[in-house]
Amino acid sequence: MDSGRHGWIAENMSSSEDHCYRLLNDYANGFMVSQVLFAACELGVFDLLAEAPGPLAVAAVAAGVGASSHAMERLLDACVSLKLLKVEMRGGEAFYGNTEVSRVYLSRASPTSQCSMLLYMARTTYHCWGRLAQAVREGKNQYLQTFGVPAEELFTAIYSRSEGERVQFLEALREAWSVSGRSVLSAFDLSVFPRVCDVGGGAGALAKQCVCLYPGCHVTVFDLPEVVRTAKEQLSLPEEERMGFQEGDFFKDRLPEADLYILARILHDWADGKCSRLLERVYQSCKPGGGILVIESLLDEDRRGPLLTQLYSLNMLVQTEGQERTPSQYHVLLSSAGFRDFQFKKTGVIYDAILARK
């Protein structure tokens, strides 16, 4: 490396230029931060430390997960700098333990673990993002180019890659609702809706939150046959009398009767035309006086933020047919389908809530 050149640059930069250069490097190296997090999750570092009676030395961590000791030391030290781990020195030797972040969100034993979501991002999302420039050129998702699986039928493509991929995706959704479910379901008082249908509700994680929050309701989870089968065979389904599962394709099959239809992270997957088709089908099935609850990450009306939602919208570009939208855009879609009394609430977490009535 040309250390002299880098030294000259550092000495001759103004404070403003220095800040800009640091910001540029933070952005350029962001993928390395993601990979540190993904690798530590995949190796089981946080799980090992959660199970240990106390902090562990490098050699113990490396042996515990079957990794190289000298390489593990670099990974652990990077995790410390990222505040994913903490370190204490004993007699000149470093011992590592989990921080609150890793204890709450990165240990599989935690009820709010996000490990499956992170591994899905590492094994699927990350690879699609490697083709972002091409997605912008073409204006379409990169699933076929990335994985060799045709994406004409979006979720058929996602679910057909492998049984493991399907399980990972459903577990990732479960984890998302373990953190955000209560906030979005309590944004409005849903106790006036005794029968609820969670359209595309996966393994029933959000439905479970709903019946816990509203003891008087019964929730039917409606999803594709392969999703329901995987949920029953591979995942620990919630044991709840006030929950049930019904197989079907929400674009083709008759929806279960309900007072309230929940569409959580559904509409952002689809272009406006398909959203309109689905919303019209929901409106036809909905009882008079019933409602629809749309749960999505909402863009500001000027589309200038939040940054995370903007990134999610790019993620929809590389992986799906859809986009993230503003409240006004959802208002147009819902009112065109016949719904009225449109309301939305920012929840303060990643996902927001929209309620409209028939």
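How many bridges join E4 to strand E5, and in which sense do the two strands run? I put this to the model, which is a predicted one.

**Entry 1: strand E4 and its partners**

I found five bridges joining E4 to strand E5 (residues 218–223), and the two run parallel. I then looked for a residue pair in this ladder and noted that Val199 has Phe222 in E5 as its bridge partner. Tracing the chain between the two strands, I passed from E4 through helix H13 (residues 205–213) to E5, and I recorded this β-α-β crossover as right-handed.

I next examined the pairing of E4 with strand E7 (residues 258–264). This pairing is also in the parallel sense, over three bridges. Here Cys197 has Tyr261 of E7 as its bridge partner.

Is E4 (residues 195–199) mostly covered or mostly open? I noted it as mostly covered, since four of its five residues are buried.

**Entry 2: the crossover helix H13**

Which residues of H13 are buried? I listed Ala205, Leu206, Ala207, Cys210 and Val211. I then asked what covers them. The cover includes helix H12 (163–185) and the strands E4, E5, E6 (243–247), E7 and E8 (286–296). E4 and E5, the strands that H13 links in the crossover, are thus among the elements covering its buried residues.

**Entry 3: the antiparallel sheet**

I turned to a sheet of three strands. It is open, its order is E1-E3-E2, and its pairing is antiparallel. Strand E1 (56–57) and strand E2 (85–90) are the edge strands; each has a single partner strand, so one side of each has no neighbour in the sheet. For E1 and strand E3 (residues 93–98) I recorded two bridges in the antiparallel sense. Within that pair, Ala57 stands opposite Phe95 in E3.

**Entry 4: salt bridges**

How many salt bridges does a search of the whole structure find? The search gave 11, and I followed up several of them.

Asp18 and Arg22 meet through their side chains, at 3.0 Å from N to O. The two are four residues apart in helix H2 (residues 15–28), and therefore about one helical turn separates them. Asp18 counts as partly exposed at 28% relative accessibility, whereas Arg22 is exposed at 54%.

Arg254 and Glu257 form a salt bridge with an N to O distance of 4.0 Å. I noted that this value stands at the cut-off, which is within 4 Å. Arg254 is exposed, with a relative accessible area of 67%, and Glu257 is exposed as well, with 55%.

Asp272 pairs with Arg325, and their closest N and O atoms are 2.9 Å apart. Which parts of the chain does this pair tie together? Asp272 belongs to helix H15 (residues 272–285) and Arg325 to the loop between H16 and helix H17 (327–337), so the tied parts are 53 residues apart in sequence. I checked the exposure of both partners: Asp272 is partly exposed at 40% relative accessibility, while Arg325 is buried, with a relative accessible area of 1%.

I also recorded a network: Glu171, Arg174 and Glu175 are joined by salt bridges that share partners.

**Entry 5: backbone exceptions**

Before this entry I reminded myself that most residues other than glycine have a negative phi, and that most peptide bonds are trans.

Where does the model show a cis peptide bond? I located one from Gly305 to Pro306, with omega near -10°. Pro306 sits in the loop between E8 and H16.

I then looked up two positive phi values. Lys83, not a glycine, has a phi of about 65°. Lys83 lies in the loop between helix H6 (69–81) and E2, and it is exposed, with a relative accessible area of 60%. Asp341, likewise a residue other than glycine, has phi near 50°. Asp341 is placed in strand E9 (residues 340–345) and counts as partly exposed at 44% relative accessibility.

**Entry 6: a nonpolar patch**

Which residues make the nonpolar surface patch of about 390 Å²? I listed Leu307, Leu308, Leu311, Leu314 and Ile350. Leu314 is located in helix H16 (residues 307–319). At 30% relative accessibility, Leu314 counts as partly exposed.

Key. Residues are numbered from 1 along each chain as its sequence is written. This is a predicted model: local features need pLDDT of at least 70, side-chain atom pairs count only at pLDDT 80 or more; totals for chains, interfaces and linings use all residues. Side-chain values use heavy atoms; hydrogens and water are left out. Patches are made of residues with over 30% relative accessible area and no salt bridge: like charges are joined within 9 Å, nonpolar side chains (Val, Leu, Ile, Met, Phe, Trp, Tyr) within 5 Å. Accessible areas come from the Shrake-Rupley method with a 1.4 Å probe; for residues, only the protein chains shown count as cover. Buried means under 20% relative accessible area, exposed over 50%, partly exposed in between (1.4 Å probe, protein chains only). Two strands pair if DSSP finds at least two bridges between them. A crossover is right-handed if, with the strands pointing away from the viewer, the path from the first strand over the helix to the second runs clockwise. Contact means heavy atoms within 4.5 Å.
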